[in-house]
Amino acid sequence: MKYRVWIVASIVLGIGAFLLSWDLLIPNPNNFTPRPTPAALLRAADGQSPPILNRFGTAAALPQELTSETFFKMIEEFSEPGGYFMYENYVSNERSYQEAIPSLLKIARSDGAYLGVGPEQNFTYIAAIRPAMAFIIDIRRQNMLELLMYKALFAMAANRAEFVSMLFSRRPSRVPDETSTAEDLFRAYDAARPEQGFFDSNLRRIKAQLRLRANDEKTIEHVYRVFFSIGPDLSYSSTDSYAPAGPSYANLMTLTDGNGQNRSFLASEENFRFVKEMQRKNLIVPLVGDFAGPKAIRTVARYLKDHEAMVSAFYLSNVEMYLLASPQWKSFCANVAALPVDQSSTFIRFLLGRYAYDVSPNGFARRNVSAISPMIDVLTGVVKGYPPSYYDLIHASR
């Protein structure tokens, strides 16, 4: 009997010791842990980054303008080899993308850098935040080339009406004026027919501006022809019936932020001109890169640190869902940890399915939702030795 008592006591003591060690090793979300300062976190994260060469010098601020030579050199040197994605997403399919903007504007700083992924939705976030510089990173080389096509069109167009006209190679019978709403703008193109001659002329001008190698010119022609052939009805699934459905281009440009305000980059001449001016100054830099890759994000991080700049916002879409395999997720978190961030640096996410249900406001379940959360949570976790899970990160969303 006495041996049985001794055995029971040993088991109880063993369980107690295990629970104590577990509490010490695994953070309790109900216990407050003082958060290290951003400077301390950045110093710690630097030690985890592979050496990245900076061929663009150092400065106390981000440049106010880049030469064309520097712009194209930056694309070449910051980019990784192109990768594969299952869909040719010429246009966003995120109906909720503007809904994160009101909360974002209360937090994100306008003197920092914007990072993003995908095509045109980035222009809306850039128009809202007004960052000093932007880097758009996508695994598909085609996306980088589509953004260069946009850059040429911004240079060619004097206003929104000309931009939409050239984007889709259509000339309406009535040209909207600069006070027109986005609805007025796209209504004018409903009955306009595609013009082959207009397309050919615009394509020549695009190629002349960009002066790319033959293969890249062929890709741009392919992308531009999709816009020409489908027009403002172009959607995520227009060229692939297996792709997720989404709103048309015209719909995306006429959506609102949930409070009735349209914040798209084509909602006003002011928004359009801000993006056009950033494009003129070569301050929207499209890159080819994998979010879990070894170079693109880390090279942007090195450049920002060497120019004493913070990340204002990082639009992720739902890319994280494709990186949840352990090695990729850890690499992604380490890449984010290399970026210079502070408490104002903000993720913008597009959440789907159960992840959207988890963060839907007021218990109202939605199949997809756009939300923001602090970037510094990733940095804090990586520095402490345990990258946060996707589930943890989205539960910091609002």
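In the predicted model, the contact between helix 6 and helix 10 brings Arg141, Gln142, Leu145, Glu146, Met149 and Tyr150 of helix 6 against Asp216, Thr219, Ile220, His222, Val223, Tyr224 and Phe227 of helix 10. The residues of this contact divide into seven nonpolar, three polar and three charged. Helix 10 spans residues 214–230, and the two helices pack at an angle of about 70°, with their axes 9 Å apart. Helix 6 is therefore roughly perpendicular to helix 10, since angles from 65 to 115 degrees are counted in that class.

Helix 6, which comprises residues 141–156, also packs on the sheet, where it touches strand 2 (133–138) and strand 3, and its direction makes about 160° with that of strand 3. The sheet itself is open and consists of six strands in the order 3-2-1-4-5-6, with mixed pairing. Strand 3 (284–288) and strand 6 (368–374) occupy the edges, and because each has a single partner strand, one side of each is left without a neighbour in the sheet. On average, neighbouring strands of this sheet are turned by 15° against each other, direction ignored.

Strand 4 is flanked in the sheet order by strand 1 and strand 5. Three bridges in the parallel sense pair strand 4 with strand 1, which covers residues 113–116, and within this pairing Val311 of strand 4 is the bridge partner of Ala113. Towards strand 5, four bridges join residues 311–317 of strand 4 to residues 346–352, and these two strands likewise run parallel. Ala313 has Thr346 of strand 5 as its bridge partner, while Phe314 stands opposite Phe347 in strand 5. Because seven of the seven residues of strand 4 are buried, this strand is largely enclosed by the rest of the structure.

The loop between helix 14 (326–338) and strand 5 contains Ser344. The relative accessible area of Ser344 is 16%, so this residue is classed as buried, the cut-off being under 20%. A polar contact of 2.6 Å links the side chain of Ser344 to the side chain of Asp342. When neighbours within four places in sequence are left aside, Ser344 is in contact with Ile107, Ala108, Arg109 and Ser312.

A second buried position is found in helix 9 (residues 196–210), which holds Phe198. Phe198 counts as buried because its relative accessibility is 13%, again with reference to the limit of 20%. Not counting residues up to four places away in sequence, Phe198 touches Ser165, Met166, Ser169, Arg170 and Arg171. Of these contacts, the one with Arg171 joins residues that are 27 apart in sequence, with a C-alpha to C-alpha separation of 8.7 Å in space.

For the chain as a whole, 17 helices and six strands are assigned. Buried residues account for 51% of the 398 residues in the chain. Among contacts between residues at least 6 apart in sequence, 75% join residues that are at least 24 apart.

How values were computed. Residues are numbered from 1 along each chain as its sequence is written. This is a predicted model: local features need pLDDT of at least 70, side-chain atom pairs count only at pLDDT 80 or more; totals for chains, interfaces and linings use all residues. Side-chain values use heavy atoms; hydrogens and water are left out. Two strands pair if DSSP finds at least two bridges between them. Axes are lines fitted to C-alpha atoms, for helices over the stretch in contact, and angles run from 0 to 180 degrees between N-to-C directions. Contact means heavy atoms within 4.5 Å. Buried means under 20% relative accessible area, exposed over 50%, partly exposed in between (1.4 Å probe, protein chains only). A polar contact is a pair of N or O atoms within 3.5 Å; within protein, one must be able to donate a hydrogen and the other to accept it, and residues adjacent in sequence count only if both atoms are side-chain atoms. Angles under 35 degrees count as roughly parallel, over 145 as roughly antiparallel, 65 to 115 as roughly perpendicular and the rest as oblique. Ala, Val, Leu, Ile, Met, Phe, Trp, Tyr, Cys and Pro count as nonpolar, Asp, Glu, Lys and Arg as charged, and the others, Gly among them, as polar.
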